[in-house]
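Subject: Structure for you to look at

Hi,

Here is the structure I said I'd send over. Have a look at it first, and then read on for what I found.

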Amino acid sequence: MKRRGLGMGYISKKQEADQSLANLGEKVEEERTENLEKRLEMFKKNLQQFAEQHGKRIKNDPVFRYHFSSMCSKMGVDPLSSGKGFFAKTLGIGDFYYELAMQASEICMLTRSINGGLLPLDDLTDRIKKRRPSQASQITSDDISYSIKKLDRLGSGFEIKSLPSGCRFVQSVPGVLSTDGLLVVGILNQLKEDGSLPAVTEAELGAKLSWSEERTHLAVSTMLKEGLLWIDEYDNRLWSPSVCGL
């Protein structure tokens, strides 16, 4: 017995069912997107009300300001997006972070020939504090970190690098510090934090990192060339100008 093929009526009904399911799926997705947009808009309005109520504290309390900025980022609200926006008008946040970013970039440029483009974030924060008027709002390293991250829009090459110990550095030369270079700086920084002399020979460095002689020499020679390490010709010890705060 021959098996009968599917008729045109069946095919037409199946196409209609498939189209109905597709339309239903689009409608559900549109409603979900619309609800999400309404919720986000409500959150943004609540955030604006919060800013109006706590504006003074946001300006003057660096810890409170950091948490507020984090809330803005999570909600997709960027205080730096426009100098004419609500937060810039109400709080002056846009101008505040823009000013910090410009001061940070200037200091990094001025010290680049000494430290090779790698400056401890705490050191940078202290330098900026000395430049600010005594009546200006207090700032923390988190304020500087936040402002530097916003420089990425300009393709500036500025980047925050974190060591395993938690110590943060500002890199102002794109790609200057490799993963191995970061580990080298970490060893010297750890020596400093332990109260020891933050200097090692190439052999001592290789032993501390369990690296081969070839890998150690490549990392050291590259960092010497970039100005990220200095070598004392008297005892061949390696120093990091950034770790030493130069």
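Which residue in β3 is the bridge partner of lysine 161? Phenylalanine 169 takes that place. Before I go further, please keep in mind that this is a predicted model.

**Around β3**

Lysine 161 brings us to strand β2 (residues 159-162), which is joined to β3 by 4 bridges, with the two strands running antiparallel. The hairpin of β2 and β3 has 5 residues between the strands. One of the residues to click on there is glycine 166, which takes a positive phi near 100 degrees.

β3 (residues 168-171) also pairs with strand β1 (residues 118-120): 3 bridges join them, and the direction is antiparallel. If you want a spot to zoom in on, leucine 119 sits opposite valine 170 in β3.

**The other sheet**

Then there is an open sheet of 3 strands, ordered β4-β6-β5, with antiparallel pairing. Its edge strands are β4 (199-200) and β5 (230-232), each of which pairs on one side only. Between β5 and strand β6 (residues 237-239) there are 3 bridges, and isoleucine 231 faces leucine 238 in β6.

**Two helix crossings**

Now for the helices. Helix α8 (residues 179-193) packs against helix α10 (residues 213-226) at an angle of about 85 degrees, and their axes are 10 Å apart. That puts α8 roughly perpendicular to α10. On the α8 side, Asp180, Gly181, Val184 and Val185 do the touching, and they meet Arg215, Ala219 and Met223 in α10. By type, the residues of this contact split into 4 nonpolar, 1 polar and 2 charged.

The second pair is helix α6 (residues 121-131) with helix α7 (residues 141-150). Their axes come within 9 Å and cross at roughly 100 degrees, so α6 and α7 are roughly perpendicular to each other. Here Leu121, Asp122, Leu124, Thr125 and Ile128 in α6 meet Ser141, Ile144, Ser145 and Ile148 in α7. The count for the contact of α6 with α7 is 5 nonpolar, 3 polar and 1 charged.

**What is inside**

The largest nonpolar core has 22 residues. Phe169, the partner of lysine 161, is among those with the most contacts inside this core, along with Leu177, Val184, Val185, Leu205, Met223 and Leu229. The elements giving two or more residues to the core are α8, α9 (202-209) and α10, and α8 gives the most, with 6 residues.

Methionine 223 is worth a look here. Leaving aside its neighbours within four places in sequence, methionine 223 is in contact with Leu177, Gly181, Val184, Val185, Leu228 and Leu229.

A second core, separate from that one, has 17 residues, including Phe96, Leu100, Ile128 and Ile139. You'll recognise Ile128 from the contact of α6 with α7.

**One last residue**

Is glutamine 103 buried or exposed? This residue is in helix α5 (residues 93-115). Its relative accessible area is 12%, and the cut-off for buried is under 20%, so glutamine 103 counts as buried. Not counting residues up to four places away in sequence, glutamine 103 touches Ile128 and Arg132.

Cheers

Methods: Residues numbered from 1 in each chain as written. Predicted model: local features only at pLDDT ≥ 70, side-chain atom pairs only at ≥ 80, totals over all residues. Heavy atoms only, no water. Axes fitted to C-alpha atoms, helices over the stretch in contact; angles between N-to-C directions. Parallel < 35°, antiparallel > 145°, perpendicular 65-115°, else oblique. Contact = heavy atoms within 4.5 Å. Nonpolar A, V, L, I, M, F, W, Y, C, P; charged D, E, K, R; others polar. Pairing = 2+ DSSP bridges. Core = buried A, V, L, I, M, F, W, Y, C linked by side-chain atoms within 4.5 Å. Buried < 20%, exposed > 50% of the residue type's maximum accessible area, 1.4 Å probe, protein only.
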